[in-house]
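This briefing walks through a single-chain model, taking the ligand surroundings, the strand pairings, a bent helix and the confidence scores in turn.

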Amino acid sequence: MNALENHDPRSFDHLAEEYDFVASLVRKPDFFLSHLPQRRHRVLDVGCGTGVLASELSRHFESVVGIDISEPMLAIARRKRAAANIEYRRADANELVLGQKFDAIVSHTAFHHLENVPRTLGVLKATLEPGGRLILIDNVAGKFAFARHPFLYVVFSCLRLPLDIWRFSLRPAWRFFRFCVSPSWIAHVTTDRYLSADGFHEVYGQLLPGASFTRLKYFMGVVWQAPGADVI
Ligand SMILES: C[S@@+](CC[C@H](N)C(=O)[O-])C[C@H]1O[C@@H](n2cnc3c(N)ncnc32)[C@H](O)[C@@H]1O
């Protein structure tokens with residue numbers, strides 16, 4: 001273990017390899033792809049992780065910038081999901097300084113890690129081109145929030161295993177299960193704090209007037225269009 005290794009249980013540094021496996025197994029870009037703006041020059045992915053979404057978006061935009069605070073996550077993105085039109089940058093979304101504007105800003109399950117969502121949203125809004133879109137998905141606290149108690153989380157992971165074997169086949173499902181019940185992930189996920197559905201409307205609705213909210217099982221999808229024309 002080197003001295004720079006991050007020991008914060010909330011960090012993804014020590015989860016990177018297995019998280020990447022899980023993300024590539026379960027991540028679906030449909031919500032993002034169905035809300036893309038007409039003009040598709042530049043897109044920013046906030047908390048891009050190992051680049052699963054950024055890589056998909058590189059097929060739809062001229063250029064993609066993926067930012068993340070975790071160097072091990074970015075290292076996997078650069079190794080596995082490099083493309084001529086993707087730049088992966090280390091940056092803290094709590095202290096964003098972006099020297100360019102974007103036609104779309106996306107984020108998948110990163111916003112609950114931010115210290116001050118309104119402040120980051122303010123910076124991101126100012127970074128959108130007229131008519132540009134902010135499209136994000138984040139976890140929502142639902143009626144099964146109690147299942148994130150460590151013991152119950154393991155029980156639910158066990159119960160889900162047969163279904164995952166059916167969905168993904170034995171080996172990937174087993175690897176997914178081992179990740180879910182690993183002490184590192186349990187320490188991480190059971191200390192995550194999510195907004196309720198009402199909380200989403202309150203926090204995001206105030207800052208993003210006219211935003212649309214879509215409940216996606218354990219997640220909330222938020223789409224907001226910046227004032228101005230979305231034209232080529
Ligand atoms: C749940 S993962 C999601 C990763 C990726 N978006 C995906 O869907 O596979 C959350 C990501 O947000 C990153 N993150 C957390 N806090 C951050 C911050 N302050 N600035 C930038 N990225 C951050 C983490 O390092 C991690 O890669």
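**Ligand surroundings**

In this predicted model, helix α3 (52-57) and strand β2 (63-68) each contribute at least two residues to the shell around the ligand. The points below begin with that shell and then move to the strands centred on β5, the helix α6 and the reliability of the coordinates.

- There are 21 residues around the ligand, and those that come nearest are G47, G49, S70, A93 and H108.
- By residue class, the shell around the ligand is made up of 11 nonpolar, seven polar and three charged residues.

**Strand β5 and its parallel partners**

- Strand β4 (residues 102-108) lies parallel to strand β5 (residues 128-141), the two being paired over six bridges, and within this pairing S107 has L136 of β5 as its bridge partner.
- Between these two strands the chain passes through helix α5 (residues 117-126), giving a β-α-β crossover from β4 to β5 that is right-handed.
- β5 also pairs in the parallel sense with strand β6 (residues 195-196), here over two bridges, and A141 has S196 in β6 as its bridge partner.

**Strand β8 and its antiparallel partners**

- β5 and strand β8 (residues 219-225) run antiparallel and are joined by seven bridges.
- Along this pairing, D138 has M220 of β8 as its bridge partner, while N139 stands opposite F219 in β8.
- β8 is also joined to strand β7 (residues 212-216), by five bridges and again with the strands running antiparallel; in this pairing S212 stands opposite V223 of β8.
- β7 and β8 together form a hairpin, with two residues between the strands, and K217 in the turn has a positive phi of about 55°.

**Helix α6**

- Helix α6 (residues 150-168) bends by about 40° at L161, and a proline, P162, follows within four residues of that position.
- After α6 comes S169, a residue whose phi is positive, near 85°.

**Confidence**

- The pLDDT averages 92 over the chain, and 95% of the residues score at least 70.
- Residues 1-5 have a pLDDT below 50, and beyond near neighbours in sequence this stretch has one contact in the model.
- Where pLDDT is low, predicted coordinates should not be read in detail.

Key: Residues are numbered from 1 along each chain as its sequence is written. This is a predicted model: local features need pLDDT of at least 70, side-chain atom pairs count only at pLDDT 80 or more; totals for chains, interfaces and linings use all residues. Two strands pair if DSSP finds at least two bridges between them. A crossover is right-handed if, with the strands pointing away from the viewer, the path from the first strand over the helix to the second runs clockwise. pLDDT is the predictor's confidence in each residue, from 0 to 100. Two residues are in contact if their C-beta atoms, placed from the backbone, lie within 7 Å. The bend at a residue is the angle between axes fitted to the seven residues ending there and the seven starting there. A residue is near a molecule or strand if its C-beta atom, placed from the backbone, lies within 6 Å of it. Ala, Val, Leu, Ile, Met, Phe, Trp, Tyr, Cys and Pro count as nonpolar, Asp, Glu, Lys and Arg as charged, and the others, Gly among them, as polar.
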